[in-house]
Amino acid sequence: MWNGDGTVEFNGFLVLYSEVEYVRRIFERHPETALNLRPKNQLVKNAYMNTLLDLIDITCLAPQELTEEELRDAENTLLDLEGVGFELDWLKRKLEELCVKKKKMEARGARMRELHRMIMEQRQVLLELEVERKNEENEAVSDSARLGFEDVV
């Protein structure tokens, strides 16, 4: 129901008209989400719904867009929402997957830096070997050259 202030009443929450579709999909896919919600005050409920929507937005980000601190904050926010009665196992799984991806990404980054360092070391070894080979080649050419009359006499 449209309230004239840019909000719509949906499933017991006042949500911005622009967010109605998101909230509808949450309750469509996860009808248990707010069944046990304890707060009855409309303002408090709305604040929690906004927090839930913000948490979903954070969970949609790519792992490299989030710091470890932001992920810890998101986990704490999830615990707070569960503490007031939200059933968010579905979101907890997604957040855990995001944390695992972040850790894998960081491990891959460290491994890639290590491989790069090793490649650079091997390139240096190859350059040194190339110089040594050229020196040997120059000496071989010098040793195999015919001597001139003046060189002998």
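**Close-up views of a predicted model**

The structure holds 10 salt bridges. It is a predicted model. The views below take up some of these pairs, then two surface patches, a loop residue, the annotated span and a residue of helix H5.

**View 1. Glu21 and Arg24 pair within helix H1.** A salt bridge links Glu21 to Arg24. Their closest N and O atoms are 2.3 Å apart. Both residues belong to helix H1, which covers residues 20–29. They sit 3 residues apart, about one turn of the helix. Glu21 is partly exposed, at 37% relative accessible area. Arg24 is also partly exposed, at 28%.

**View 2. Lys92 and Glu82 form a salt bridge.** The closest N and O atoms of this pair are 3.4 Å apart. Lys92 lies in helix H4 and Glu82 in helix H3 (residues 68–83), so the salt bridge ties together parts that are 10 residues apart in sequence. Lys92 is partly exposed, with a relative accessible area of 28%.

**View 3. Glu97 and Lys94 pair within helix H4.** Here the closest N and O atoms are 4.0 Å apart. A salt bridge is counted within 4 Å. Glu97 and Lys94 are 3 residues apart in helix H4, a separation of about one helical turn. Both side chains have intermediate accessibility: Glu97 is partly exposed at 40%, and Lys94 is partly exposed at 46%.

**View 4. Four residues join into one salt-bridge network.** The members are Glu21, Arg24, Arg25 and Glu28. Shared partners connect their salt bridges. The Glu21 to Arg24 pair of View 1 is a salt bridge between two of these members.

**View 5. Acidic residues make a negative surface patch.** Glu132, Glu136, Glu139 and Asp143 form this patch. Asp143 lies in helix H4, which spans residues 89–144. Its relative accessibility is 66%. Asp143 therefore counts as exposed, since the cut-off is over 50%.

**View 6. Leucine, isoleucine and methionine side chains make a nonpolar surface patch.** The patch consists of Leu115, Met118, Ile119 and Met120. Its area is about 320 Å². Met120 lies in helix H4. Met120 is partly exposed, with 39% relative accessible area.

**View 7. Asn11 has a positive phi.** The angle is near 55 degrees, and the residue is not glycine. Most residues other than glycine have a negative phi. Asn11 is placed in the loop between strand E1 (7–10) and strand E2 (13–16).

**View 8. An annotated coiled-coil region covers residues 64–139.** The label comes from an unreviewed UniProt entry. In the model, this span is 88% helix and 0% strand. The C-alpha atoms at its two ends lie 54 Å apart.

**View 9. Phe149 lies in helix H5.** Helix H5 covers residues 149–152. Phe149 is exposed, with a relative accessible area of 65%. Leu127 is 22 residues away from Phe149 along the chain. The C-alpha atoms of Phe149 and Leu127 are separated by 39 Å.

Key
Residues are numbered from 1 along each chain as its sequence is written. This is a predicted model: local features need pLDDT of at least 70, side-chain atom pairs count only at pLDDT 80 or more; totals for chains, interfaces and linings use all residues. Side-chain values use heavy atoms; hydrogens and water are left out. UniProt positions are given in the numbering used here, feature names are shortened, and annotations may be inferred rather than shown by experiment. Helices (H or I, at least four residues) and strands (E, at least two) are DSSP runs, numbered from the N terminus. Patches are made of residues with over 30% relative accessible area and no salt bridge: like charges are joined within 9 Å, nonpolar side chains (Val, Leu, Ile, Met, Phe, Trp, Tyr) within 5 Å. Accessible areas come from the Shrake-Rupley method with a 1.4 Å probe; for residues, only the protein chains shown count as cover. Lys and Arg count as positive and Asp and Glu as negative; His and the chain ends are not counted. The place of a charge is taken as NZ of Lys, CZ of Arg, CG of Asp or CD of Glu. Buried means under 20% relative accessible area, exposed over 50%, partly exposed in between (1.4 Å probe, protein chains only).
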